[in-house]
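Here is a short report on the fold of one protein chain. Keep the structure open while you read.

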Amino acid sequence: MGKTKITPDYIFESSWEVCNKVGGIYTVLSSRAKTLQDEMKDRIIFIGPDFWKESESPYFKEDMALFAEWQWVAKEQGLKVRVGRWTVPGEPIAILVDFQPYFEQKNEIYGWLWENYQVDSLHAYGDYDEASMFSYAAALVVESFYNWLANPSLKVIYHANEWMCGLGALYINAHLPQIGTVFTTHATSIGRSIAGNQKPLYDYLFAYNGDQMAGELNMQSKHSIEKQTALHVDCFTTVSDITANECKELLDKPVDVVLPNGFDNSFVPKGAVFNSKRRAARKRLLDVANALLGEQLDDDTLIVSTSGRYEFRNKGIDVFVEAMNRLLRDRDLKKKVLAFIEVPGWVGEPRKDLQERLQKGGQFDTPLEVPQVTHWLHNMSHDNVLSMMKYYDMHNRKDDHVKVIFLPCYLDGKDGIVNMSYYDVVLGNDLCVYPSYYEPWGYTPLEAIAFKVPCITTDLAGFGLWANTEFGGRYGEIMDGVKVIHRTDYNYSEVADAIKDTVADFSAMSQKEIDACRKAADTLSKKALWSQFIKYYHEAYDIALRKAEERMAHQSN
């Protein structure tokens, strides 16, 4: 390029997941926060929903003194905001806004959206209204704050994440043309829906019409706001090349920049602490398994896991179960395998019988009933994981060399059985498996390798594709720290075999080979730190600010 990039004086970034831990976007924003806070020093301001009525967000610390004058102004304007800090590394400023009051104006807001941007809100259902009212409120916060700053020479960015913040981006677009707008779709709502509805996404991507599919899958409103936001913002972005292709085909708009998701490894323990935490995690997982199964599995057991959101097909949970079932009959398996499926299901309560055994300690030689699950579910008979295991007659019998256990809860340290947080558990694994069918980026494999755990993923995950480029364009093997399996719409069986074979190969490795694998995983993770990826954001800000400048110059002529 040669020319210097325009840097923003202020960045306002909104997301439903600011101070609200729901999924992967929380990880994207909270782990990137420190890098931007170091650069911007309290001029990066995150905006999230304030629905914390009865209990406070565990990730937010209010501070009445922050922008005290503006807080007073906002109150006068009828905005219900709380200002404070997001309690993540870097502690950036966060503004939580109460969006409930705007439901009364919902019809006028949707009317305005239709008249100005042809966004169809008629078919709205579920979380559409809630997200839209939050998005509108977030835009009013930015408008109020920008006017309070009262400095027209400031270069300001408004960054909206996901369709849920689209309405606000369009509001800013219309009312504050001097602000540069950036919109990031982390996954197209329609692409995720096609994949989740068992339709082949990739072979037919070129042939799908996004608008038509939205009608067919009852997704008109979400698709409509997402598409119109993509078309009207100054800089449209997504998180991987695979999703960029989806945007082009389903939203009819190529992205301006790809913003890969980085990682902040400041909380990965070092040295002796790492080793003791790894030992503790392994001991806990083995204790839980032994109490549930009535076994005496020792530290030589190969511990593998998959985790993520409970999207049975999209996240490849079905292929994981399939692979473990095939591994049961694999002659090349050299160690016992303990496989965990750590995916939050419709959880009822931790099992009392399992809690009692864990409290007692000691050894047990009889399994508990249903030795496949650690917590009772509300829908035991209709759960996908348990149904598939039952169908395959996978009952964790004494002589099975592969035991599969469903851990259907958020690992927040308070689940009643494992009682360790996800990051404290993940480093106890020998191998992690994420055979996703639909995965715009893929934080779980990136987190695994940051904790020196080699992993298996696919080339339908943005992360898997990125890893292949780091390996010079060839497919990653387990000795590289990441095994990348080629996955298509139709090769489910080959993927299951590749996972089975990789686990069997790993079980036969010497300690020296395993150490080399772990080192390679660690090395690759360092290439995905935010310090390496933040440059793509600066590119997006530059594009947006230049467009805003042109617009203002055009208006003044």
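Two residues are in contact when heavy atoms lie within 4.5 Å. With that cut-off, and leaving aside residues up to four places away in sequence, serine 121 touches Tyr110, Leu113, Tyr128 and Ser221. The residue sits in the loop between helix 3 (106–117) and helix 4 (128–149). Is serine 121 buried or exposed? Buried means under 20% relative accessible area. Serine 121 has 11% relative accessibility, so it counts as buried.

**Overall build**

The model is predicted. Its secondary structure comes to 19 helices and 17 strands. The radius of gyration is 24 Å, close to the 24 Å that the globule rule gives for 557 residues, so the protein is as compact as a globular protein of that length. Along the principal axes, the C-alpha atoms fill a box of roughly 80 × 50 × 45 Å. Of the 557 residues, 60% count as buried. Now take the contacts with a separation of 6 or more: residues 24 or more positions apart account for 74% of them.

**The nine-stranded sheet**

One open sheet has nine strands in the order 3-4-5-2-1-6-7-8-9, and its pairing is mixed. Strand 3 (60–62) and strand 9 (257–258) stand at the edges, each with a single partner strand, so one side of each lacks a neighbour in the sheet. Helix 5 (residues 166–175) packs on this sheet and touches strand 6 (156–161) and strand 7. The direction of helix 5 makes about 155° with that of strand 6.

Strand 7 (residues 180–185) runs parallel to strand 8 (residues 235–238), and four bridges join them. Phenylalanine 183 has phenylalanine 236 in strand 8 as its bridge partner. Helix 9 (residues 241–250) lies across strand 7, strand 8 and strand 9. Helix 9 runs at about 130° to strand 8.

**Strand 5 and its partners**

Why is strand 5 (residues 93–97) largely enclosed by the rest of the structure? Five of its five residues are buried, so the surroundings largely enclose strand 5. In a regular strand the side chains alternate between the two faces of the sheet. Both faces of strand 5 are covered. Ile93, Ile95 and Val97 are buried on one side, and Ala94 and Leu96 are buried on the other.

Strand 5 pairs with strand 2 (residues 44–49) in parallel, over five bridges. Strand 4 (residues 81–86) also pairs with strand 5 over five bridges, but in the antiparallel sense. Leucine 96 links to both descriptions: glycine 48 stands opposite this leucine, and so does arginine 82. The hairpin of strand 4 and strand 5 has six residues between the strands. Within the hairpin, glycine 90 takes a positive phi near 95°.

**Helix 1**

Helix 1 (residues 24–40) has 17 residues. From its first C-alpha to its last, helix 1 reaches 24 Å, close to the 24 Å expected at 1.5 Å a residue. Where does helix 1 bend? The bend is at alanine 33 and comes to about 35°. Of the 17 residues of helix 1, 13 are buried, so the helix is largely enclosed by the rest of the structure. Lysine 41 follows the helix, and its phi is positive, near 45°.

**The six-stranded sheet**

A further open sheet has six strands in the order 14-11-10-15-16-17, with parallel pairing. Strand 14 (402–407) and strand 17 (482–485) are at the edges with a single partner strand each, so one side of each is left without a neighbour in the sheet. Direction ignored, neighbouring strands of this sheet are turned by 20° against each other on average.

Six bridges join strand 11 (residues 337–342) to strand 14, and the two run parallel. Leucine 338 stands opposite lysine 403 in strand 14. Helix 10 (residues 271–293) packs on the sheet and touches strand 10 (302–307), strand 11 and strand 14. Helix 16 (residues 462–470) lies across strand 16 (455–458) and strand 17.

The helix directions against the strands are set out here.

| Helix | Strand | Angle |
|---|---|---|
| Helix 5 | strand 6 | about 155° |
| Helix 9 | strand 8 | about 130° |
| Helix 10 | strand 11 | about 95° |
| Helix 16 | strand 17 | about 110° |

Note on methods
Residues are numbered from 1 along each chain as its sequence is written. This is a predicted model: local features need pLDDT of at least 70, side-chain atom pairs count only at pLDDT 80 or more; totals for chains, interfaces and linings use all residues. Side-chain values use heavy atoms; hydrogens and water are left out. Buried means under 20% relative accessible area, exposed over 50%, partly exposed in between (1.4 Å probe, protein chains only). Two strands pair if DSSP finds at least two bridges between them. The expected span of a helix is 1.5 Å times one less than its number of residues. The bend at a residue is the angle between axes fitted to the seven residues ending there and the seven starting there. Axes are lines fitted to C-alpha atoms, for helices over the stretch in contact, and angles run from 0 to 180 degrees between N-to-C directions. The radius of gyration is taken over C-alpha atoms; the globule rule is 2.2 Å times the number of residues to the power 0.38.
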